[in-house]
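Please open the model in your viewer and keep a selection tool at hand. The stops below deal with cysteines and then with aromatic rings.

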Amino acid sequence: MKKVLITGGAGFIGSTVASALLDRGITPVVLDDLSKGRAEFVEDRIFYRGDVADAALLDRIFAEHPDIEAAVHCAAKIVVPESVAKPLYYYRENVAKTIDLLDSLQRLGCTRVVFSSSASIYAPTPDARVDESSPVDANSPYARTKQMMEQVLQDWTRGEGAEHQRVITLRYFNPIGADPRLRTGLQDLNPSHALGKLIEAHSTGAPFTVTGVEWATRDGSGIRDYVHVQDLAEAHVAALLRFDEVVAPDAADRYRVINVGTGDGTTVRELVTAFEQAVGAELDVREAGPRPGDVIGCYAAVDTARELLGWQPRRGIAEGVADALAWRAKWAARLGV
Ligand SMILES: NC(=O)c1ccc[n+]([C@@H]2O[C@H](COP(=O)([O-])OP(=O)(O)OC[C@H]3O[C@@H](n4cnc5c(N)ncnc54)[C@H](O)[C@@H]3O)[C@@H](O)[C@H]2O)c1
C-alpha cells in the first residue's frame, strides 16, 4: 500500500496514525477542517483543509491522488458533555457527514475503509471485560453516533452498488501518551480525562480526586484500558497492510469489528499508583462520588486483533505517562505558555 486518505489527520489520533504510516513508507493524505486539528501537525504533510462532507473536495483529492488505496476515517466531534448539550450537532457532524463521505468514497472507487469507533459503545458487563460480540448500549449522544455509524457501515457493505466496499471498524479503548518521537500529541495541555487530571495535579500541586469509589471492581474505582496512542496507530498500519486478508474482496461479510486495547484493565487507583511511580512523586489523592454520566468502564479482549492483525500492544502505562509529559512540555513551549 502506497497512499492512504486520513480524515481528521490533524487531530490527536489521526496525526499519530499519519506518522506511523510515514514510518512504514506509506504516504498519508490528510483531510481535516482544523475545527480541532492543528495546522502544526500537518506542516510537512499532504494536507487538504475542508469538510469530510464536501463532495467536490473529495473529487479534487482523488483527482490529485488517484493512487489512494484506502481511507482511515478518524474525523469526528468527540466531547461527551458537548454531545449531551448539542445532540443534533453531533448527529450531523458524526453521522450525516460520514454518510456523505461514504457516498464520495464509493463514487471514487475507494473500497477499503478503516473506521474509528469507540469502546464507549459497550454495555456494562459483570467483569468489565468486553469482546467484539459483547452487547453494545451507548450511553451518550457522542457514543450513539459511533454505534449508529457502525450499523450504517455494516448495512452499507451489504447494499446494492456497494459490492466492493469493505470496512474494518477499530474500537479504540483509552488512548494515552503521544508519538514517542514527539511529532504530535494532544492539542489540549489540560485534557479532562484521568491522566490529564493527574498531570495537572502533579504540575500544580492540586489534589487529584478519584470520582466513584464504589464500583464493582477490585478496588472500587472505575476501570479503563489505557492503550498507548502509538500502539493504537500501529494497529491501523497493521489493519491497512492486512486489509485484504482480514476482509477479502469477495468475502461474504465485508464488515469486521476489532477491539484495540491492551487486554488489561487498569483501575483509577492503579493508574494513580502507576503515575506516581512514573514521575517519582506522591500526589494528594482524595475521594468523591461518581460524576453524572460516569460508568464503571471496561477493558478489551484483544484476541481478534492478535489473530487478524498480528498486532499486540508493546508499550505500558509508564511509557504512556512519560510520552504524555514529554509532549506536553514540548507543546507548551511551542505555544509559548
Ligand atoms: N481520543 C479518544 O479517547 C478516543 C477514543 C475512542 C475513539 N476515538 C475516536 O477517534 C477519532 C479521533 O479522535 P481524536 O481523539 O484524535 O480527536 P481529535 O478531535 O483530536 O481529532 C478529530 C479531528 O477531526 C477533525 N474534524 C472534525 N470534524 C470534521 C469534519 N466534519 N471534517 C473534517 N475534519 C473534521 C478535527 O479538526 C480533528 O482534527 C474520533 O473519531 C474519535 O471518536 C477517540
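**Cysteines, then rings**

Select C74 to begin: its sulfur is 14 Å from the closest cysteine sulfur, in C110, which is too far for a bond, a disulfide being a pair of cysteine sulfur atoms within 2.5 Å. This is a predicted model, in which local features need pLDDT of at least 70 and side-chain atom pairs count only at pLDDT 80 or more, while totals for chains, interfaces and linings use all residues. Residues are numbered from 1 along each chain as its sequence is written, and side-chain values use heavy atoms, with hydrogens and water left out.

C74 is buried, at a relative accessible area of 14% (buried means under 20%, exposed over 50%, partly exposed in between, with a 1.4 Å probe and protein chains only). Move next to C298, which is also buried, at 12%, and whose sulfur lies 19 Å from the closest cysteine sulfur, in C74, again too far for a bond. Searching the whole structure gives zero disulfides.

Turn now to the aromatic pairs, of which the structure holds five; rings of Phe, Tyr and Trp (its six-membered ring) pair if their centres lie within 6.5 Å, and planes under 30 degrees apart count as stacked, over 60 as edge-to-face and the rest as tilted. Select F41 and W327, whose ring centres are 5.8 Å apart and whose planes stand at 70 degrees, so the pair is edge-to-face. Both F41 and W327 are buried. Adding W331 to the selection shows a cluster, in which ring pairs link F41, W327 and W331.
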